[in-house]
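I opened this entry to keep track of what I looked up in one model. The notes follow the order in which I checked things.

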Amino acid sequence: QITTVSGNEFLFQSDIDFLILDWFHAIKNAIDRLPKEQRITSRNLEFKLRRSSSIELLNNLDTESKEPKPEHRKSLIFRLNYSASDTNDRNRIKSRLKKFISRRPSLKTLQEKGLIKDQIFGSHLHSVCEHEKSTVPRFVRLCIEAVEKRGLDVDGIYRVSGNLATIQKLRFVVNQEEKLNLDDSQWEDIHVVTGALKMFFRELPEPLFPYSLFEQFVEAIKIQDNATRIKCIRSLTKKLPRPNYDTMKILFEHLQKIAAKESVNLMSTQSLGIVFGPTLLRPEKETGNMAVHMLYQNQIVELMLSEYSKIFGSEED
């Protein structure tokens, strides 16, 4: 989502990462080509773009109210509306608002009192699992069950985007309600379910493949000898925290079932690698090697799907 300085909002949506990357570079190049004199210097616009706390906003109003107004606005009506008593009233209201905002309870306090429930989307994987007393989030299991029940044969499953508004609605329901029925008619479009599942993994503060192991996975996929490469990937997978390992195992087992129906749904291991690579693993800090990283991300997921039994199976296997 892009918001311009003039207030216009544009939403670009795609599950194809290379396309998103092209959009990003095109927008960045367009901004870089703008003459310096056209760049925004308006104090008001800069203020709108700057992130501020509520108290800062109120303080800014105080400052702005003291600035001299243009001569044409100094009419009789203006002087009547902004009399001394009105100014005192406004200052008194601002003071009370500041006190109210500064005394508002923290998010943790509200959660402890049960006024705000723990979020599923946007929370750390281990936090969700601890809250649910499991090693795989319940929402992930429900989505997988729904897709395997009615989506294995769907053309472009996981590649085709669902309706974004409906996906956001499902996201809200998951965050607010204890019970979720994905068989409800409002979730009948299976692409909404797959879109929500991908969104869950995208919004993890730390991806399913932890940042600390990202470079090691990338180095492993570069190994030329296939047997050594698989062994190295398996070894790294064993280092994952339990929630990450168990969630990854059940997800990749599910994606294997998707790939097994490639003749019907047209989703090969390579296609699934392109969809899930950047979703499941990414570097903590993006560098100029974004396109190169994306290629390795896809290859890692593709290999782990193709060699699932060797990577996630027991030693005897």
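**Positive phi**

I began with Tyr158, which I found in the loop between H8 and H9. The model is a predicted one, and I read every value below with that in mind. Tyr158 is not a glycine, yet its phi is positive, about 75 degrees. Most residues other than glycine have a negative phi. I then asked whether Tyr158 is buried or exposed. Its relative accessible area is 0%, so I entered Tyr158 as buried.

I looked up Lys133 next, a further residue other than glycine with a positive phi, here near 55 degrees. Lys133 sits in the loop between H7 and H8. I put Lys133 down as exposed because its relative accessible area is 76%, over the 50% that the class requires.

**The loop after H7**

I stayed in this loop for Ser134, which lies between helix H7 (125–132) and helix H8 (138–150). Ser134 has 29% relative accessibility and therefore counts as partly exposed. What does the side chain of Ser134 reach? I found the backbone oxygen of Val136 at 3.0 Å. I also checked Ser134 against Pro243, which is 109 residues away along the chain. Their C-alpha atoms are separated by 8.0 Å.

**Ser268**

I moved on to Ser268, in the loop between helix H14 (262–265) and helix H15 (269–280). At a relative accessible area of 15%, Ser268 is buried, since buried means under 20%. I set aside its neighbours within four places in sequence and asked which residues Ser268 is in contact with. They are Ala259 and Glu262.

**Salt bridges**

How many salt bridges does a search of the whole structure find? I noted eight, and I wrote up some of them.

- Asp183 and Lys149 meet through their side chains in a salt bridge, 3.2 Å from N to O. This pair links distant parts of the chain, with the two positions 34 residues apart: Asp183 is in the loop between helix H9 (164–176) and helix H10 (190–202), and Lys149 is in helix H8. Asp183 is partly exposed at a relative accessible area of 45%, whereas Lys149 is exposed at 61%.
- Glu219 and Lys222 form a salt bridge with an N to O distance of 3.3 Å. I have Glu219 as partly exposed, with a relative accessible area of 44%. Lys222 also counts as partly exposed, at 35% relative accessibility.
- Arg242 and Asp246 form a salt bridge at 3.0 Å, N to O. I asked why about one helical turn separates Arg242 and Asp246. They are four residues apart in helix H13 (residues 242–260), which accounts for the turn. Asp246 counts as buried because its relative accessibility is 19%, and the limit for that class is under 20%.

**Cysteines**

I searched for disulfides and the count came to zero. I looked up Cys143 and Cys232 as well. Cys143 is buried, with a relative accessible area of 0%. Cys232 has 28% relative accessibility and so counts as partly exposed.

**Nonpolar patch**

I asked which residues make the nonpolar surface patch of about 440 Å². I listed Phe10, Phe12, Ile27, Ile31 and Leu34. I followed up Ile27, which lies in helix H1 (residues 17–32). At 32% relative accessibility, Ile27 counts as partly exposed. Patch residues need over 30% relative accessible area, so this value qualifies.

**Whole chain**

I closed with the totals. The chain has 17 helices and two strands. Of its 317 residues, 36% are buried. I took contacts between residues at least 6 apart in sequence and asked what share joins residues at least 24 apart. The share is 71%. The chain exposes about 19500 Å², and carbon and sulfur atoms supply 52% of that area.

Key: Residues are numbered from 1 along each chain as its sequence is written. This is a predicted model: local features need pLDDT of at least 70, side-chain atom pairs count only at pLDDT 80 or more; totals for chains, interfaces and linings use all residues. Side-chain values use heavy atoms; hydrogens and water are left out. Buried means under 20% relative accessible area, exposed over 50%, partly exposed in between (1.4 Å probe, protein chains only). A polar contact is a pair of N or O atoms within 3.5 Å; within protein, one must be able to donate a hydrogen and the other to accept it, and residues adjacent in sequence count only if both atoms are side-chain atoms. Patches are made of residues with over 30% relative accessible area and no salt bridge: like charges are joined within 9 Å, nonpolar side chains (Val, Leu, Ile, Met, Phe, Trp, Tyr) within 5 Å. Accessible areas come from the Shrake-Rupley method with a 1.4 Å probe; for residues, only the protein chains shown count as cover. A salt bridge is a side-chain nitrogen of Lys or Arg within 4 Å of a carboxyl oxygen of Asp or Glu. A disulfide is a pair of cysteine sulfur atoms within 2.5 Å. Contact means heavy atoms within 4.5 Å.
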